[in-house]
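Let's take a walk through this structure together, from the ligand outwards to the domains, the sheet and the helices. Have the sequence and the 3D view open as you read.

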Amino acid sequence: LAGRGYDVQVGADLLEQAGTLARDFIRKDCVAAVADRNSHRHHGARLQAALAEIGVSVEWFITDPGEGAKSWDVLAKLADWLLERGVERGDHIFALGGGVIGDLTGFAAAVLKRGCGFVQVPTTLLAQVDSSVGGKTAINTSAGKNLVGAFHQPALVIADTATLGTLPPREMGAGYAEVIKYGILGDAAFFDWCEANGAKVTGRDPAALEYAVTKSVEAKARIVAEDERETSGTRALLNLGHTFGHALEAETGFSDRLLHGEGVALGMVLAARYSARRGYLSAADAGRVARAIAAAGLPSEIASLQLRCTGADLAAHMAHDKKMDAGTLPFILLRDIGEAFLDRSVEMSDVADFLTQEL
Ligand code: NAD
Ligand code: ZN
């Protein structure tokens, strides 16, 4: 799979071939690798054994699991640790983990010695279909998520679908939301496939998983290649469901009550229903989106969250979204299943009314 000047390899048990796959990017007999405790415990030894086959040893930087690793504090520790190990610009750091480890490692690589290389080894479904491809890296600050970061492309992505065998079911579902997103926003035939095969994907059927990850990576790579730095608006389509989802995540305090992918899932249902309210999409198609999301065990009704807030409160969270541009918030809406577009004419008061009815 050609990403943007780099390879994205997708398949079961690819980790065993990591040495051969990454050989061109390793210049020394020891590499630095970053993981969190979970990705390290389940898959660290596999990566280490594969690199040992080409005579390379691994030194690990291991973080606590969770969003907290995307912080100034952990970034500082990681950068100091890498510098102590003499990492140079031509070296490649390995990121073994979910989106948190990929974003943290990618950002460290972007700034270390003004930019060194890195290899993504994503171990969550979300990271394989979304965060490991596209070159966005970031950490969080007290002002919000992903506010400090850089565009920095990995040299190689090794997406071993077998690593998902140890992922908790709820994390599988959350990643699947980003899979079905590619169908809803740009590929009606892939949406049909998801309707028929979604349960196989979340149930980790190897063939279905490999197909879903490959299709998703292709879709993301295509969109990113058209608009790498988010200037033309094409890349914004990837945010389908994210503006509504962000409001729900903010209202639930970015907690375990609602994982990011779960917020996106419900956000896509709301985007579809709102598109129907504006007369762009048929009510039948909005219903189809909601059923496909619900069938994957993902939330499809706001009421299920039992929020104690108003539609205006949710709309206010949206106004704090960083996609806000000169006072208006562009919304990704649907003209059809498989045909998303950017609508800059949405009035926040109308969104607030809509959400009040949904609550
Ligand atoms: P995550 O990295 O926190 O992983 C989720 C959980 O799964 C963690 O507890 C982790 O320890 C565990 N885990 C990881 N791999 C495992 C495995 N194989 N087996 C068992 N447990 C495993 O979360 P995520 O959902 O992968 O990523 C979310 C992050 O990605 C967010 O910070 C988000 O901002 C970022 N993101 C970035 C982009 C981008 O373009 N850079 C896109 C989407 C999301
Ligand atoms: Zn997302």
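Let's begin at ligand 1, whose shell divides by class into 16 polar, eight charged and six nonpolar residues. Keep in mind that you are looking at a predicted model. In total, 30 residues surround the ligand, and the closest are N38, P65, G98, G99 and S131. Which elements supply at least two residues each to this shell? They are α2 (37–52), α4 (99–111), α5 (125–131) and β7 (144–151).

Now step back to the whole chain, which is divided into domain 1, covering 7–166, and domain 2, covering 171–358. Their C-alpha centres lie 27 Å apart. Where the two domains touch, domain 1 contributes 19 residues and domain 2 contributes 21 residues. On the domain 1 side, the elements giving two or more residues are β1 (7–11), α5 and β7. Among these, α5 gives the most, with five residues. You have met α5 and β7 already, as suppliers of the shell around ligand 1. By class, the domain 1 side of the contact has eleven nonpolar, seven polar and one charged residues.

Next, have a look at the sheet. Six strands form an open sheet with parallel pairing, and their order is β1-β8-β5-β4-β2-β3. At the edges sit β1 and β3 (57–63), each of which pairs on one side only. On average, neighbouring strands are turned by 20 degrees against each other, direction ignored. For a closer view of one pair, take β4 (residues 92–97) and β5 (residues 117–122): they run parallel and are joined by six bridges. One place to find this pairing is H92, whose bridge partner in β5 is G117.

Helices pack against these strands too. Helix α3 (residues 72–84) packs on the sheet and touches β2 (30–36), β3 and β4, with its direction at about 160 degrees to that of β3. Helix α8 (residues 206–226) lies across β1 and β8 (156–160), and runs at about 160 degrees to β1.

Finally, turn to a pair of helices, α10 (residues 260–277) and α11 (residues 283–295). How do their axes cross? The axes come within 8 Å and cross at roughly 170 degrees, and α10 and α11 are therefore roughly antiparallel to each other. From α10, the contact uses A265, M268, V269, A272, R273, S275 and A276, while α11 brings A283, A286, V289, A290 and I293. By class, this contact has ten nonpolar residues, one polar and one charged.

Technical notes. Residues numbered from 1 in each chain as written. Chains lettered and ligands numbered in written order. Predicted model: local features only at pLDDT ≥ 70, side-chain atom pairs only at ≥ 80, totals over all residues. Near = placed C-beta within 6 Å. Helix = DSSP H or I, 4+ residues; strand = E, 2+ residues; numbered from the N terminus. Nonpolar A, V, L, I, M, F, W, Y, C, P; charged D, E, K, R; others polar. Domains from an automatic or database assignment. Contact = placed C-beta atoms within 7 Å. Axes fitted to C-alpha atoms, helices over the stretch in contact; angles between N-to-C directions. Parallel < 35°, antiparallel > 145°, perpendicular 65-115°, else oblique. Pairing = 2+ DSSP bridges.
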